[in-house]
Each structure stands twice: as C-alpha cells, then as structure tokens.
Amino acid sequence: MSGRARSMTATRPAGTEGTTVTDRDRPQPRVLVVDDEEHITELVAMGLGFNGFEVERAGSGRAALAAIESRRPDLVVLDVMLPDLDGFEVARRLRQAEGAGSRVPIIFLTARDTTADKVEGLRLGSDDYVTKPFSIEELIERVKAVLRRSTGVGPGDHRLSYADLELDEETRDVWRGGKLIELTVTEYKLLRYLLANARRVLTREQILAHVWDYSFTGNASVLETYISYLRHKIDAVEPPLIHTVRGVGYTLRLPPDRG
C-alpha cells in the first residue's frame, strides 16, 4: 500500500480556523484510527483533530483490539490490510465481543475496491467503506455522517436500516453508505415499505395496495417504473439491494449468493 496517500491532503478545511468547543459538558467524539502505515494515521489524526475529534492511533489489528478493550471509542477507522489480523478479522472479533450490546461504528479503509470486499464488510456490520486513495476532507465528512446516524439511536427511534441503507421516518432522510439520497414522496413510500420488510419477498399486489392503494389490475407498469427510479438512486453503488423475484414481485436484500 506504499504511496497510496499521495493524493491525500491534511489541509485545514475552510471555515475551521479558530474553531473552539463551546459546549464544555459535551465530550469530544473519540475516533480510533487503525493503519500500519504511520504517515496515513498521522494525516487522518491531524484532519480529525482539526475538526474537534479526539484521536487514538493503532498500527496493527491486535493493537486495535487492545485499544478498544482499554477505552471504547465512538468510531473506528479500520484499514483492511493489516500485518497481523486483517481488518475483517478485527471487525469479526469486535462484533463477537460486543454480542447483543451496542456496537462501535466501523469505517473500513482499503485499497481494494471489489464488490466482494464491500459485501464482506457489510456482513460484518461496517457502517461505511472508503477506498484509497482518498481525501481527508471526504473521510472527515463520512465520519461525521456515521456518528450522526449512530449517536443516540436506540429503542423508540424511528429509523429503519439494512446493510448500509438507512431511513429516518421522522425527517424522511435516506442515506446509502453515509450519503444523503433525495427521493420523491412516492419513491420514499416505496422504499420505506421495502425496507420495513427487508429480506421478505413482496408481491406486486402487496406493494401496489400499500404504496398506491391500487388494485393490481392494470397498474403493474406504475410499480415497475418506480422500482426503476429507486434502483437508479439506491443501487448507484455496489452491492445492489433491490431485486426482482421473477413471477412474484420484489425484495430488498443483499445479493442472494452473498447475503
């Protein structure tokens, strides 16, 4: 992975000069950055520090697990290709240790941009996936987005999520991979029904009745059109989540051979 950080910059983002933390009662969000290349962890720590984060660094998978056990971070930025335990194994052990308790959000860093790697990360409960080379500014915004989604979310919060797709029923905001997606009213209703029934196969009749209050006869083309609109927006990144079940209807899930 040598030389991967050449396009990364650690310049202070515009508008951050002179920024101070005015709420003394609110602790700084704490981020653990894990990468075996010290110059990358230094750049990331610098950028996050400029934006009000407390940062700890680790250079190996075992060091990362020890750091998490010693003092739980609010988020982990985790390189996949580490010298001892790879990032996926670190995430696997972390999720096993957490059990049914609250989970530490994870953003994977990797030079590998394959669908298989992204699916593996999602299956391990990652919250985002950033491919090297990347800009510090982009990573900072992704960290902020993941923390916004994860902080304070608990029983009674009106959110639906599956893989890296999330929907807030109160604000009607929708994110895929930490990026906000603009939907029309009908697209939102359709996605919400699919997401509320993730991994279930829904018939065309069920979807039409729930989203449009239509009987099935003569209205199949309406559903097909809006499924196409949703796929263009939701499945603009890998892996695809909206699938056709031939002769039946549709389902929202990871690809069948990977989910």
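This report covers the fold, the sheet and the nonpolar cores of one protein chain.

**Overview**

The model is predicted. The protein chain holds eight helices and twelve strands. Of its 259 residues, 45% count as buried. The accessible surface of the chain comes to about 13200 Å². Carbon and sulfur atoms account for 47% of that surface. Contacts reach far along the sequence: among those between residues at least 6 apart, 59% join residues at least 24 apart.

**The parallel sheet**

Five strands make up an open sheet. Their order is β2-β1-β3-β4-β5, and the pairing is parallel. Strands β2 (54–58) and β5 (128–131) are the edges, and each pairs on one side only. On average, neighbouring strands of this sheet are turned by 20° against each other, direction ignored.

What joins β1 to β3? Four bridges do, linking residues 30–34 of β1 to residues 75–79 of β3, and the two strands run parallel. Within this pair, L32 stands opposite V76 in β3.

**Helices on the sheet**

Helix α2 packs on the sheet, where it touches β1, β2 and β3. Helix α3 lies across β3 and β4 (106–110). The table sets out the two helices with their angles.

| Helix | Residues | Strands | Angle |
|---|---|---|---|
| α2 | 61–70 | β1, β2, β3 | about 165° with β1 |
| α3 | 87–98 | β3, β4 | about 165° to β4 |

Strand β3 thus appears in both rows: α2 touches β3, and α3 lies across β3.

**Nonpolar cores**

The largest nonpolar core has 28 residues. Which residues have the most contacts inside it? They are V174, L190, L191, I207 and L252. Several elements give two or more residues to this core. The helices are α6 (185–196), α7 (204–211) and α8 (220–234). The strands are β6 (159–162), β7 (165–168) and β12 (249–252). Helix α6 gives the most, with six residues.

L190 shows how this core is knit. Leaving aside residues up to four places away in sequence, L190 touches I207, V211, W212, L223, Y226, I227 and L230. One of these partners, I207, is also listed among the residues with the most contacts in the core.

A second core is separate and has 21 residues. Its members include L65, A67, L78 and A91. The numbering ties this core to the sheet region: helix α2 covers residues 61–70, strand β3 covers residues 75–79, and helix α3 covers residues 87–98.

How values were computed
Residues are numbered from 1 along each chain as its sequence is written. This is a predicted model: local features need pLDDT of at least 70, side-chain atom pairs count only at pLDDT 80 or more; totals for chains, interfaces and linings use all residues. Side-chain values use heavy atoms; hydrogens and water are left out. Two strands pair if DSSP finds at least two bridges between them. Axes are lines fitted to C-alpha atoms, for helices over the stretch in contact, and angles run from 0 to 180 degrees between N-to-C directions. Contact means heavy atoms within 4.5 Å. A nonpolar core is a set of buried Ala, Val, Leu, Ile, Met, Phe, Trp, Tyr and Cys residues joined through side-chain atoms within 4.5 Å. Buried means under 20% relative accessible area, exposed over 50%, partly exposed in between (1.4 Å probe, protein chains only). Accessible areas come from the Shrake-Rupley method with a 1.4 Å probe; for residues, only the protein chains shown count as cover.
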